[in-house]
Amino acid sequence: MKYIHYNFIKRAIFTVIVFLFFAIQIKAQFTITENLMGSSIGSDIILGGKGTSNGLPLTAYLTSGNFDPVNQGWLRLTNATTFIAGDAYINKAFPSTLGVTVEFEYKSWRDVNDSYNGADGFSVFLFDAKTPFQIGADGGSLGYAQKTGQPNQTGLPGGYIGIGIDEYGNFGASTQGKNGGVSSSLVPNAVTLRGIASSNWKYLASTGVMQASNSTNSAKSVDYNTTTTTQTRPNDADFYRKVKITIVPISGATTKYNITVFWATTPTGNYSQLLTYTTTDIIPDYLKLGFSASTGNGVNYHEI
């Protein structure tokens with residue numbers, strides 16, 4: 001097995017592995033290691049965003065030495081303010097004949113009462129490496145899909161797959177100008193997939209096993225649904241989420257990926273499968289991987 005290994009350390013390990021199966025096993029790798037608990041980040045990780053927070057243009061940032069003690073921080077994609085989107089992508093292309101495994105912890109929480117029980121969520125995405133990066137729309141589009149009613153609210157150019165961890169429920173709904181969805185109703189606490197940019201980031205699939213309400217806490221809630229005191233992040237005993245996503249080329253099918261999403265809700269717990277899906281759209285020759293998160297009228301801090 002040949003693979004490219006991106007390794008980010010954050011309390012537990014945040015890992016991105018890109019791999020390819022051969023008939024004859026060949027092994028090679030290179031590693032990028034980032035400590036997201038610190039105050040600097042390598043040149044292969046590009047941070048950005050759209051909208052304003054506290055009167056300034058939003059860019060995803062490290063919280064070490066800012067809101068957290070030095071070397072005890074997180075990568076914060078959004079603040080708990082309205083109508084913003086933040087992103088982080090790996091500026092290193094890989095051939096689409098390879099697959100990807102992504103594994104990371106996250107915190108999604110708020111210290112303000114927004115009357116919406118928190119929103120909106122975040123996405124993990126692959127996009128065509130030859131297309132210049134530009135984050136998608138805010139709100140329920142999770143920085144991947146499009147949104148009507150505001151200027152410059154197109155989806156991610158060159159997007160191939162967007163895997164949404166959806167708190168409020170709009171990523172899987174056919175609202176705000178999105179192409180298809182479960183219904184026009186909210187689908188909170190869901191994992192939802194949207195597809196390629198050339199098909200207007202069309203709806204593909206959604207899990208139906210999560211918590212139906214976004215107003216209470218349980219092992220099936222995507223975000224922490226209790227308003228905390230100022231800058232008080234929930235600890236692991238109160239809210240712990242770790243996600244694993246595998247994106248594996250199907251042998252003999254050059255235009256298909258099998259995508260499976262898992263999560264664990266306790267630091268020592270096992271993974272449970274949330275969703276599996278096989279793509280049918282032609283995969284670009286080279287891809288890049290990234291993360292985005294967004295807020296709308298409802299807000300959360302989104303951190304990995």
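Colleague: In β9, what is the bridge partner of Gly 49?
Modeller: The bridge partner of Gly 49 in β9 is Gly 86, and I should say at once that this comes from a predicted model. That contact belongs to the pairing of β4 with strand β9 (residues 85-95), which is antiparallel and runs over six bridges.

Colleague: And in β18, which residue is the bridge partner of Gly 86?
Modeller: In β18 the bridge partner of Gly 86 is Ala 293. Strand β18 (residues 286-294) runs antiparallel to β9, and eight bridges join the two.

Colleague: What order do the strands take in the open sheet?
Modeller: Seven strands form the open sheet, and following the order across it you pass β4, β9, β18, β11, β12, β13 and β14, with antiparallel pairing. The edge strands are β4 (45-50) and β14 (203-206), each of which pairs on one side only. From one strand to the next, the twist averages 20 degrees.

Colleague: How many bridges join β11 to β12?
Modeller: Seven bridges join strand β11 (residues 121-128) to strand β12 (residues 159-166), and these two run antiparallel. Within β12, the residue that stands opposite Leu 126 is Ile 161.

Colleague: Changing topic, how many aromatic pairs does the structure hold?
Modeller: The structure holds 16 aromatic pairs. One of them is formed by Tyr 160 and Tyr 257, whose ring centres are 6.2 Å apart and whose planes are at 75 degrees.

Colleague: Why is that pair of Tyr 160 and Tyr 257 called edge-to-face?
Modeller: The planes of the two rings stand at 75 degrees, and planes over 60 degrees apart count as edge-to-face, so the pair of Tyr 160 and Tyr 257 is given that label.

Colleague: Where in the chain do the two sit?
Modeller: Tyr 160 is in strand β12 and Tyr 257 is in strand β16 (residues 257-264), so that the pair links distant parts of the chain, 97 residues apart.

Colleague: Is Tyr 160 buried or exposed?
Modeller: Tyr 160 is buried, because its relative accessible area is 3% and the cut-off for buried is under 20%. Tyr 257 is buried as well, with a relative accessible area of 0%.

Colleague: Which residues form the aromatic cluster?
Modeller: One aromatic cluster is formed by Phe 104, Tyr 106, Phe 122, Tyr 224, Phe 239 and Phe 291.

Colleague: And which ring does the charged end of Arg 194 sit over?
Modeller: The charged end of Arg 194 sits over the ring of Phe 171, at 5.7 Å from its centre. For Arg 241, the charged end sits over the ring of Trp 263, at 5.1 Å from the centre of that ring.

Conventions. Residues numbered from 1 in each chain as written. Predicted model: local features only at pLDDT ≥ 70, side-chain atom pairs only at ≥ 80, totals over all residues. Heavy atoms only, no water. Pairing = 2+ DSSP bridges. Helix = DSSP H or I, 4+ residues; strand = E, 2+ residues; numbered from the N terminus. Axes fitted to C-alpha atoms, helices over the stretch in contact; angles between N-to-C directions. Phe/Tyr/Trp six-rings, centres within 6.5 Å; stacked < 30°, edge-to-face > 60°. Buried < 20%, exposed > 50% of the residue type's maximum accessible area, 1.4 Å probe, protein only. Lys NZ or Arg CZ within 6 Å of the ring centre and 35° of its normal.
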